Amino acid sequence: MPTVLVQAKSPNENEQKFEVEQGQIIFDELERQGLVLPHGCLAGSCGSCRIEILEGAEKLSPLGAVEADTIDSIKKTYCETDRAELVINKNIRLSCRAKVLGDIKISVLK
Ligand code: FES
């Protein structure tokens, strides 16, 4: 089974590790195991479930058109503010769309 490591939010917290079913959506698998990530529509259009892929980006399902459009919008929005460094050269995905195909490490993007 693939693993999803969720980076700690602060130095006082521990990284969380989840074993997930291959081919399943990140959000669904973590929710099933008790970790509810930030979310909104759960349909790929609001961007509330954005995450950064820290390791294993190639081990996720390919970007679909809806997810790609939403991520483009997120990046534009961040770049129009003083938060551009949070998305420039970062591998951003949507936890409600991306499916796990192998071991990954993620961080929740604020
Ligand atoms: S929850 Fe809206 S895009 Fe994922």
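Okay, quick bit of bookkeeping before I start: when I say strand, I mean a DSSP run of E at least two residues long, and the strands are numbered from the N terminus. With that in hand, I92 sits in strand 4. And keep in mind that this is a predicted model.

So, the sheet. There are five strands in it, it's open, and the order reads 2-1-5-3-4, with mixed pairing. Which strands stand at the edges? Those are strand 2, residues 16–19, and strand 4, residues 92–94; each has a single partner strand, so one side of each has no neighbour in the sheet. On average, neighbouring strands here are turned by 35° against each other, ignoring direction.

Now over to strand 1, residues 3–6. Its pairing with strand 5, residues 104–108, is parallel and runs over three bridges. If you want a spot to click on, take V6, which has I106 of strand 5 opposite.

Back to strand 4. Helix 2, that's residues 65–79, lies across strand 3, residues 50–55, and across strand 4 too, and the helix runs at about 130° to strand 4.

That brings me round to I92 again. Buried or exposed? I92 has 20 C-beta neighbours inside 10 Å, and the cut-off for buried is 20 or more, so I92 counts as buried. Who's in contact with I92, if we skip neighbours within four places in sequence? The list is R50, E52, I71, I74, K75, V87 and L109.

One last distance for you: G23 is 69 residues away from I92 along the chain, and their C-alpha atoms are 19 Å apart. Okay, that's my bit.

Methods: Residues numbered from 1 in each chain as written. Predicted model: local features only at pLDDT ≥ 70, side-chain atom pairs only at ≥ 80, totals over all residues. Pairing = 2+ DSSP bridges. Helix = DSSP H or I, 4+ residues; strand = E, 2+ residues; numbered from the N terminus. Axes fitted to C-alpha atoms, helices over the stretch in contact; angles between N-to-C directions. Contact = placed C-beta atoms within 7 Å. Buried ≥ 20, exposed ≤ 12 C-beta atoms within 10 Å, placed from the backbone.
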